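Biologist: Please take one part of this model and go through it closely, from its own geometry to what surrounds it, and then set it beside a few other places in the chain.

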Amino acid sequence: MIERTPTPFDDALEDLRISGSVLLYETYLPPWAIDVPDEAFLKRLLDVGTATRVLPFHLVRRGAFHLSQEGHELARVEADEIAICPAGLAHRMALGAGAKPVLMTDVLQGRNPGRDPATVEDRSGGTELICGVFQMRSTPMNPMLAALPPVLTVKTTGADANPLLAHAAQMLGLEVANGRRGSFTALRLLEVFCAEAIRSYRERQGAARPGWFKALDDARIGPAIEQIHRRPGAPWTVAMLADTVAMSPSRFAARFRETTGESAMSYVASWRMNVACRALQESDDGLQEIAASVGYQDVAAFSRAFKEIVGDSPSRWRAGRRPS
């Protein structure tokens, strides 16, 4: 059997347990404006649990729109671009001046006050949109989620576009346009679409500022993070991690903090608790076994560390995420 050793990027992607759904497919002629509710509202609308993150996305197949929040423009999203909104904030999609905003919930329920159906359905111009949500059933400590910006925009076509993202966008568009937004193929495409959009962001913009994406691409810090992910239960110290990448402990500690924005041992502790959360949520392993798997031989010490980082005891956290 070939042993699978995923990179930290793929490790974190897998941990997100991504799924998705398309909520809206329409074309609007300007002026138009749609208000998208915040994440808490979307969770109630979609009837998902508190442990699931809900990230709205907007794919422009034709035209453009302005994405704003509380009157401040966050991005202009052009044709063949996708905007993903990890911050969970209410926002507005609009093009042109003078349109009375319509609630997305009204649009989803077939109510579009003040709108002429011709301005919604005309495919000859305007902005053709596919809007939906990505759901991420992740544990609280996933470093990828923390590394994402409030609004992530990525081109899906062009010479520099990620080929997998381009194919996923094209195939998803065809499925949705043919009335198969909930098909098996469309749902699988949404998973790939989200993953490759995040990968594209990392490759194009993610290394521009300190943070997890930049750290993964650092010649010394990236391999150290890979070791942490590969062996979360190892008795890591700054000196041990520095030794894996042939650096002095002091230089390694400084470079890790400068690159990621946090200390090496803080990252070790967070990733260990991420692994522990997943085990608590998805396995029947006892606390002793889970504690040992992430480097704690003493359950009491593990429980103290877990509560300090996650905010609850392991037993209470597990009970709150198991089906009743």
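Modeller: What follows is a close look at one helix, and then at another helix, a cavity and some single residues.

The model is predicted, so local features are described only where pLDDT is at least 70 and side-chain atom pairs count only at pLDDT 80 or more, whereas totals for chains, interfaces and linings use all residues. Residues are numbered from 1 along each chain as its sequence is written, and side-chain values rest on heavy atoms, with hydrogens and water left out.

The part I have chosen is helix α11, residues 249–260, where helices (H or I, at least four residues) and strands (E, at least two) are DSSP runs numbered from the N terminus. Its 12 residues reach 16 Å from the first C-alpha to the last, close to the 16 Å expected at 1.5 Å a residue, the expected span being 1.5 Å times one less than the number of residues. Phe252, Phe256, Thr259 and Thr260 are the buried residues of α11; buried means under 20% relative accessible area, exposed over 50%, and partly exposed in between, with a 1.4 Å probe and protein chains only. These buried residues lie on the same side of α11 because they cover an arc of only 75° around the axis, an arc being that of the directions from the helix axis to the C-beta atoms. The face turned away from this buried side carries the exposed residues Ser250, Arg251 and Glu258.

As for its partners, the buried residues of α11 pack against α8 (212–216), α9 (221–230), α10 (238–244) and α12 (264–282), with contact taken as heavy atoms within 4.5 Å. Positive phi values occur on both flanks: Ala246, in the loop between α10 and α11, has a phi near 55°, and Gly261, just after α11, takes a phi of about 90°. Ala246 counts as exposed because its relative accessible area is 67%.

Helix α2 (residues 39–46) can be read in a similar manner, with Glu39, Leu42 and Lys43 buried. They are placed on the same side of α2 because their arc around the axis is only 105°, and the buried residues of α2 pack against β3 and β9. Asp47, with a positive phi near 55°, follows α2.

Leu42 is also among the residues that line the largest cavity, together with Leu23, Val36, Pro56, Phe57, His58, Met104, Cys131, Gly132 and Val133. A cavity here is a set of points on a 1 Å grid over the protein atoms alone where a 1.4 Å probe fits but cannot get out, and lining residues have an atom within 4 Å of a point. The search of the whole structure finds one cavity of 30 Å³ or more, and the volume of the largest is about 30 Å³, volume being the space filled by probe spheres set on the points, which are joined across faces, edges and corners. β3 (53–62) and β9 (127–136) each supply at least two residues of the lining, which divides into eight nonpolar, two polar and no charged; Ala, Val, Leu, Ile, Met, Phe, Trp, Tyr, Cys and Pro count as nonpolar, Asp, Glu, Lys and Arg as charged, and the others, Gly among them, as polar.

Lastly, Pro30 and Pro31 are joined by a cis peptide bond with omega about 0°, and Pro31 is found in the loop between β1 (18–28) and β2 (32–36).

Methods:
1 Å grid on protein atoms, 1.4 Å probe; cavity = no way out; pocket = protein on both sides within 12 Å on 5 of 7 lines; lining within 4 Å.
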